[in-house]
Amino acid sequence: MEPVAPRDREEGISIIPLFKDKNENVRMELWEPGTTIQLNLSKGAEFFVIDGSFIESHDTLTKWSWLRLPPGATLNAKAGDTGAKVWIKSGHLADIDFARYENFN
C-alpha cells in the first residue's frame, strides 16, 4: 500500500490507511525527521514505533516502543533525526472506564 498525500494541516506526515470502521481507525504514519505532530485524542489512541523514533512529553520512544494515551489526551510529539514509522490505532478506547483501573496493583 502506498502512502496517501500528507495531511493538509500537518506537513511532513504521510498516512497509509489499514482499517477503519465506526469504532476505530488503524493506520501507519510516516513522519519526516523533525516533524511536529499534535493530535487531540478525544477517544484515546495507541502508538507503536515500527522504525525511527519520536519524543513525547520528554520521553524518547524508539523502535518497538509502545504508547497508550487515554481519551481526552493530546499527543505532542516530534519525530527523531531519522523520522519515524508509527502504527496508530485510535478511537477504540472511548468506552473503557479507566478510573476503574487507577488503583489496580
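The following questions and answers deal with the strands, core, aromatic pairs and salt bridges of a predicted model. Residues are numbered from 1 along each chain as its sequence is written. Because the model is predicted, local features need pLDDT of at least 70 and side-chain atom pairs count only at pLDDT 80 or more, while totals for chains, interfaces and linings use all residues; side-chain values use heavy atoms, with hydrogens and water left out.

Reader: How many helices and strands does the protein have?
Author: Helices (H or I, at least four residues) and strands (E, at least two) are DSSP runs, numbered from the N terminus. From that end, the elements run β-β-β-β-β-β-β. The count is 0 helices and 7 strands.

Reader: What percentage of the residues count as buried?
Author: Buried means under 20% relative accessible area, exposed over 50%, and partly exposed in between, with a 1.4 Å probe and protein chains only. The protein has 105 residues, and the share that counts as buried is 39%.

Reader: Which strand gives the most residues to the largest nonpolar core?
Author: A nonpolar core is a set of buried Ala, Val, Leu, Ile, Met, Phe, Trp, Tyr and Cys residues joined through side-chain atoms within 4.5 Å. The largest one has 20 residues, and Trp 31, Phe 47, Phe 54 and Leu 75 have the most contacts inside it. Two or more residues come from each of E1, E3 (36-41), E4, E6 and E7. With 7 residues, the top contributor is E7.

Reader: Which residues of E6 is Leu 75 in contact with?
Author: Contact means heavy atoms within 4.5 Å. Leaving aside neighbours within four places in sequence, the partners of Leu 75 include Trp 31, Phe 47, Phe 54, Leu 67 and Leu 69. In E6, Trp 66 and Arg 68 form the uncovered face, and the covered face holds Leu 67 and Leu 69.

Reader: In which sense do E4 and E6 pair?
Author: Two strands pair if DSSP finds at least two bridges between them. Ala 45 stands opposite Leu 69 in E6. E4 and E6 have 4 bridges, and the sense of their pairing is antiparallel.

Reader: What kind of aromatic pair do Trp 31 and Phe 54 form?
Author: Rings of Phe, Tyr and Trp (its six-membered ring) pair if their centres lie within 6.5 Å; planes under 30 degrees apart count as stacked, over 60 as edge-to-face and the rest as tilted. The structure holds 2 such pairs. Trp 31 and Phe 54 are 5.1 Å apart centre to centre with 70° between the planes, which makes the pair edge-to-face. This pair links strand E2 to strand E4, across 23 residues.

Reader: Is Trp 64, in the pair with Phe 48, buried or exposed?
Author: Phe 48 and Trp 64 form a tilted pair, 5.9 Å centre to centre and 35° between the planes. Phe 48 lies in strand E4 and Trp 64 in the loop between E5 (59-62) and E6, 16 residues apart. Phe 48 is partly exposed at 25% relative accessible area. Trp 64, at 55%, is exposed.

Reader: What is the relative accessible area of Val 49?
Author: Val 49 is found in strand E4. Leaving aside neighbours within four places in sequence, Val 49 is in contact with Phe 54, Leu 61, Thr 62, Lys 63, Trp 64, Ser 65 and Lys 85. Val 49 is buried, with a relative accessible area of 0%.

Reader: How many residues apart in sequence are the parts that Glu 24 and Lys 89 tie together?
Author: A salt bridge is a side-chain nitrogen of Lys or Arg within 4 Å of a carboxyl oxygen of Asp or Glu. Glu 24 and Lys 89 form one, with the closest N and O atoms 3.4 Å apart. Glu 24 lies in the loop between E1 (13-20) and E2 (25-31) and Lys 89 in strand E7 (residues 73-90), so the separation in sequence is 65 residues.

Reader: How far apart are the closest N and O atoms of Arg 27 and Glu 29?
Author: Arg 27 is buried, with a relative accessible area of 9%. Glu 29 is buried as well, at 0%. Their salt bridge has its closest N and O atoms at 2.8 Å.

Reader: Which residue forms a salt bridge with Glu 46?
Author: Glu 46 counts as buried at 10% relative accessibility. The partner is partly exposed, with a relative accessible area of 39%. The closest N and O atoms are 3.3 Å apart, and the partner of Glu 46 is Arg 68.
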